[in-house]
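Please report on the model shown here. Cover a helix, a loop, a pocket and a few single residues.

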Amino acid sequence: MRRFIISFVSIIILYVLQCTVFKGALLVAGVAPNLMLMFTCIVGFMRGRKSGMITGFAGGMLIDIMSGGMIGFTPLLYLLAGYYNGMFYKEYTKEQMLLPISLVAMCDFSYGLIYYFVTYLMRNRLNLGYYISTVIMPETIYTVVVTIFAYIVEKTVLRIFPKIFFKTS
């Protein structure tokens with residue numbers, strides 16, 4: 001129950017940060033990091049497929065409901081990212097940092113491409129190179145930089161409060 005509450009509160013806090021601080025004061029090159037996708041990837045990698053999928057769906061649903069657009073597309077992509085990262089759950093070691101960061105980068109880049117194909121290409125906007133160079137790559141790089149700092153903070157929290165995140169018998 002504690003993990004559920006912590007994940008729920010984390011989703012709310014990350015959504016607020018993503019929509020306020022990172023869209024305003026910390027906007028870099030016109031893009032903001034995808035904090036919710038980052039969190040989904042990390043949860044999937046650290047806790048497994050089921051937790052990653054639930055976190056991704058909840059975070060994506062919050063984003064879609066609050067944005068007022070098409071509901072269901074973002075939760076589906078985040079759910080798939082949580083599932084994909086959850087497949088690497090057995091590879092998780094506390095010291096490892098390269099795999100989760102590369103998974104976040106790959107998921108963020110894939111999310112950007114899929115989002116482009118569904119939202120822009122379907123409307124006959126065919127400038128993929130421009131979109132990759134001005135939106136997808138800067139967002140992916142920014143998300144990876146934020147992920148490095150977030151992963152260090154999360155590892156510190158896990159060291160201090162291991163019972164909250166992992167079952168002990």
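The report below starts with the basis of the values and then turns to the first helix.

This is a predicted model: local features need pLDDT of at least 70, side-chain atom pairs count only at pLDDT 80 or more, and totals for chains, interfaces and linings use all residues. Residues are numbered from 1 along each chain as its sequence is written, and side-chain values use heavy atoms, with hydrogens and water left out.

**Helix H1**

Helices are DSSP runs of H or I with at least four residues, numbered from the N terminus. Helix H1 covers residues 2-19, which is 18 residues. The expected span of a helix is 1.5 Å times one less than its number of residues. For H1 this gives 26 Å, and the end C-alpha atoms are 26 Å apart, which agrees.

Buried means under 20% relative accessible area, exposed means over 50%, and partly exposed is in between (1.4 Å probe, protein chains only). The buried residues of H1 are Ser-7, Ser-10, Ile-11, Leu-14, Tyr-15 and Gln-18. They cover an arc of only 130 degrees around the axis, which puts them on the same side of H1. The arc is taken from the directions that run from the helix axis to the C-beta atoms. An α-helix has 3.6 residues a turn, so residues three or four places apart point the same way. Arg-2 and Phe-8, on the other side of H1, are exposed. The cover over the buried residues of H1 includes helix H2 (35-47) and helix H3 (49-67).

**Four residues compared**

| Residue | Place | Relative accessibility |
|---|---|---|
| Gln-18 | helix H1 | 11%, buried |
| Ala-29 | loop between H1 and H2 | 62%, exposed |
| Asn-34 | loop between H1 and H2 | 3%, buried |
| Ala-81 | helix H4 | 7%, buried |

**Gln-18 and Asn-34**

A polar contact is a pair of N or O atoms within 3.5 Å; within protein, one must be able to donate a hydrogen and the other to accept it, and residues adjacent in sequence count only if both atoms are side-chain atoms. A polar atom of the Gln-18 side chain lies 3.1 Å from the backbone nitrogen of Met-36. Asn-34 has a similar pairing: a polar atom of its side chain lies 3.3 Å from the backbone nitrogen of Leu-37. The side chains of Asn-34 and Tyr-78 make a polar contact at 2.8 Å.

Contact means heavy atoms within 4.5 Å. Beyond four places in sequence, Gln-18 touches Lys-23, Pro-33, Asn-34, Leu-35, Met-36 and Ile-63. With the same exclusion, Asn-34 is in contact with Gln-18, Tyr-78, Asp-108, Tyr-111, Glu-139 and Thr-143.

**The largest pocket**

Which residues lie nearest the centre of the largest pocket? They are Gln-18, Lys-23, Ile-63, Tyr-111 and Tyr-115, out of 30 lining residues. H1, H3, helix H4 (73-86), helix H5 (98-119) and helix H6 (128-160) each give two or more residues to the lining. The pocket holds about 680 Å³ of space. On a 1 Å grid over the protein atoms alone, a pocket is an open set of points where a 1.4 Å probe fits, with protein on both sides within 12 Å along at least five of seven lines; lining residues have an atom within 4 Å of a point. Points are joined across faces, edges and corners, and the volume is the space filled by probe spheres set on them.

**Two alanines**

Ala-81 is in contact with Leu-37, Thr-40, Cys-41 and Cys-107, leaving aside neighbours within four places in sequence. Ala-81 and Tyr-92 are 11 residues apart in sequence, and their C-alpha atoms are 16 Å apart. Ala-29 is not a glycine, yet has a positive phi of about 55 degrees.
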